[in-house]
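Q: Please take a close look at one part of this protein, the nonpolar core, and explain in a connected way how it relates to the strands and helices around it.

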Amino acid sequence: MESIKTTERFFKYILNFAGAAAFALLAFGCANPVTFEGMGNVGGTTGAPKNPADVEMFITQKPAYKYVEMGTLSYNAGSVGSETTGVYQKFREKAAEIGADAVIMTTSTNTFTTAGATTYDSWGNPITFETPVSQTIFRGVAIKRAQ
């Protein structure tokens, strides 16, 4: 009879732990879409959509041609991280959607938080733990060639 209670406690412990892990993943691990915040200085901020392959990416330098800044792009890669190439593609796609000619990557920041949860051991005693979670936020500027 005692072994059945121990088994039940063990499964309760596993379910509590799994629930806490799922909560941490949902709360901190889901990446968001690239967001655009326009500056309103290019005839309504956005232009006609274009093919993402036609959007230039500037990582280490600014373009040699004159340009007008349309607004900022941001992407929260979440706690699972992203390959940088994948991030650039997401920026390219958003820039194409708003009609930008190029994106100048500016900064990326890392933030660290903890996700706490409480579970119970096989004797019913609470166990509280915190899991470190990191998030990376990428930023860039959408631009259009100056006329």
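A: A nonpolar core is a set of buried Ala, Val, Leu, Ile, Met, Phe, Trp, Tyr and Cys residues joined through side-chain atoms within 4.5 Å, where buried means under 20% relative accessible area with a 1.4 Å probe, protein chains only. The model is predicted, so local features need pLDDT of at least 70 and side-chain atom pairs pLDDT 80 or more, while totals for chains, interfaces and linings use all residues. Residues are numbered from 1 along each chain as its sequence is written, and side-chain values use heavy atoms, without hydrogens or water.

Of the protein's 147 residues, 30% count as buried. The largest nonpolar core has 17 residues, and Leu 73, Tyr 75, Phe 91, Val 103 and Phe 138 are the ones that touch the most other members. Two or more residues come from each of S3, helix H2 (84-98), S4 and S5, and H2 gives the most, with 5 residues. These elements are DSSP runs numbered from the N terminus, helices being H or I of at least four residues and strands E of at least two.

Val 103 shows how the parts meet: leaving aside residues up to four places away in sequence, Val 103 touches Val 55, Glu 56, Met 57, Phe 58, Leu 73, Phe 91, Ala 95, Gly 140 and Val 141, a contact being heavy atoms within 4.5 Å. A second, separate core of 6 residues includes Phe 58, Ile 104, Val 141 and Ile 143.

The strands that supply core residues belong to an open sheet of 5 strands in the order S1-S3-S5-S4-S2, with mixed pairing; two strands pair if DSSP finds at least two bridges between them. Strand S1 (35-38) and strand S2 (56-58) stand at the edges with a single partner strand each, so one side of each has no neighbour in the sheet. From one strand to the next, the twist averages 35°.

Inside this order, strand S3 (residues 67-76) runs antiparallel to strand S5 (residues 126-145), joined by 9 bridges, and strand S4 (residues 102-120) is likewise antiparallel to S5, over 17 bridges. S2 and S4, by contrast, pair in the parallel sense over 3 bridges, and there Met 57 stands opposite Val 103.

Finally, H2 lies across S1, S2, S3, S4 and S5, running at about 130° to S3; axes are lines fitted to C-alpha atoms, for helices over the stretch in contact, and angles run from 0 to 180 degrees between N-to-C directions.

Technical notes
Buried means under 20% relative accessible area, exposed over 50%, partly exposed in between (1.4 Å probe, protein chains only).
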